[in-house]
Each structure stands twice: as C-alpha cells, then as structure tokens.
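Subject: Structure handover

Hi there,

Here is the structure I promised to pass on to you. Please have a look at it first, and then read my notes underneath.

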Amino acid sequence: MSFEVPNPIERVDPGLARRFEAAIADALGDAHPHAVSVRFGVWDGEDDGPCFVCKIESAPRAAPGAPPAWRWWSPLVRTPEELAGHVRAGLRLLDRPAEAARPRDEYWGWAATGSDGA
C-alpha cells in the first residue's frame with residue numbers, strides 16, 4: 001500500500017492524518033492482497049469543520065482471468081473510524097459485482113421504481 005505524499009490531512013492535523021492512514025491499512029488488511037495506492041482529500045466543511053475523502057486504487061492486472069483494477073471513492077467523512085467502515089463495506093461488494101454495479105439509494109438518492117417507471 002502506498003500513500004500519496006504529502007497527505008493533505010497533515011495540514012489540518014498531522015496526528016489525524018496518521019490515524020486516517022492507520023484506519024485504511026487496518027480496514028484493507030489482507031482483504032485486498034494486490035498493491036493499492038491511497039489518496040486523501042480535504043473538503044472545507046463550511047461552519048462545522050473539514051470533511052475528508054479517500055480514493056483507493058489498485059493497479060490493473062494483465063494476467064488472463066485476473067480481476068480488473070479496483071477503484072473506490074469514499075463519501076465525505078469526519079473520522080477515521082467512519083472511513084474504515086465505508087472501506088469495509090466497499091470490500092464486501094468486491095465479492096458481489098452485480099450488487100456493486102447497482103445504484104445505491106443512500107449515496108445517490110435514487111428511489112426504487114416499478115417497471116412502469118413510477
């Protein structure tokens with residue numbers, strides 16, 4: 001695993017940056033055995049302080065039958081623990097590609113509709 005340097009969370013709080021990195025390492029564990037790069041972002045959260053986002057990306061593998069590269073963006077989070085929970089949920093979807101491809105109401109606000117579009 002490699003972290004983009006410098007981690008922009010360091011500008012907010014160096015200790016918090018290390019906790020976010022540790023949360024990602026812990027959440028990924030051995031679940032994703034291939035090399036991944038991790039990039040963080042900081043979003044200014046108006047009156048309630050900063051929010052954080054994370055991108056995890058694996059390198060494409062050219063071996064026949066190898067799974068494609070994995071690219072995942074987190075929602076905006078406030079804590080390392082919150083981010084780790086989202087990473088674990090994303091990893092669970094790796095084993096269920098059909099479910100991963102389906103729009104998620106809680107992220108996009110799309111409502112389920114019947115076959116007539118209503």
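Let me start with the aromatic residues: a search of the whole structure, which is a predicted model, finds 3 aromatic pairs. One of them joins F20 and F40 edge-to-face, with 6.1 Å from centre to centre and 65° between the planes. This pair links distant parts of the chain, as F20 sits in helix 1 and F40 in strand 2, 20 residues apart. Both rings are covered: F20 is buried at a relative accessible area of 0%, and F40 is buried at 7%. Another pair is W70 with W72, which is stacked, at 6.5 Å centre to centre and 20° between the planes. W70 counts as buried at 10% relative accessibility, and W72 is buried too, at 13%. F20 and F40 also belong to one aromatic cluster together with F52.

Now for the overall layout. The protein chain has 4 helices and 4 strands, and from the N terminus its elements follow the order β-α-β-β-β-α-α-α. It has 118 residues, 31% of which count as buried. Among contacts with a separation of 6 or more, 45% are between residues 24 or more positions apart. The chain exposes about 7,700 Å², and carbon and sulfur atoms supply 56% of that area.

The two phenylalanines come up again in the core. In soluble globular proteins, nonpolar side chains tend to be buried together. Here the largest nonpolar core holds 21 residues, and the ones that touch the most other members are F20, I24, L28, F40, I56, L83 and V87. Two or more residues come from each of helix 1 (14-28), strand 2 (36-43), strand 3 (51-58) and helix 2 (80-94). Helix 1 gives the most, with 7 residues. If you want one residue to centre your view on, try F40: leaving aside residues up to four places away in sequence, its contacts include F3, P8, F20, E21, I24, V53 and L83.

E21, one of those contacts, leads on to the charged residues. Side chains of opposite charge can pair when their charged atoms come close. The count for this model is 6 salt bridges. E21 forms one with R18, where the closest N and O atoms are 2.9 Å apart. Both residues lie in helix 1, 3 residues apart, or about one turn of the helix. E21 is buried, with a relative accessible area of 14%, whereas R18 counts as partly exposed at 37%. A network of salt bridges links these two residues with E10.

Two other salt bridges join separate elements or loops. D48 pairs with R78, with 2.7 Å between the closest N and O atoms. D48 is in the loop between strand 2 and strand 3, and R78 is in the loop between strand 4 (71-73) and helix 2, so this pair ties together parts 30 residues apart in sequence. D48 is exposed at 54% relative accessible area, while R78 is partly exposed at 32%. E57 pairs with R71, and their closest N and O atoms are 2.4 Å apart. Because E57 lies in strand 3 and R71 in strand 4, this bridge ties together parts that are 14 residues apart in sequence. E57 counts as partly exposed, at 22% relative accessibility, and R71 is exposed, at 52%.

Happy viewing, and all the best!

Note on methods. Residues numbered from 1 in each chain as written. Predicted model: local features only at pLDDT ≥ 70, side-chain atom pairs only at ≥ 80, totals over all residues. Heavy atoms only, no water. Buried < 20%, exposed > 50% of the residue type's maximum accessible area, 1.4 Å probe, protein only. Contact = heavy atoms within 4.5 Å. Areas by Shrake-Rupley, 256 points an atom, 1.4 Å probe, with all protein chains shown as cover. Core = buried A, V, L, I, M, F, W, Y, C linked by side-chain atoms within 4.5 Å. Salt bridge = Lys/Arg side-chain N within 4 Å of Asp/Glu carboxyl O. Phe/Tyr/Trp six-rings, centres within 6.5 Å; stacked < 30°, edge-to-face > 60°.
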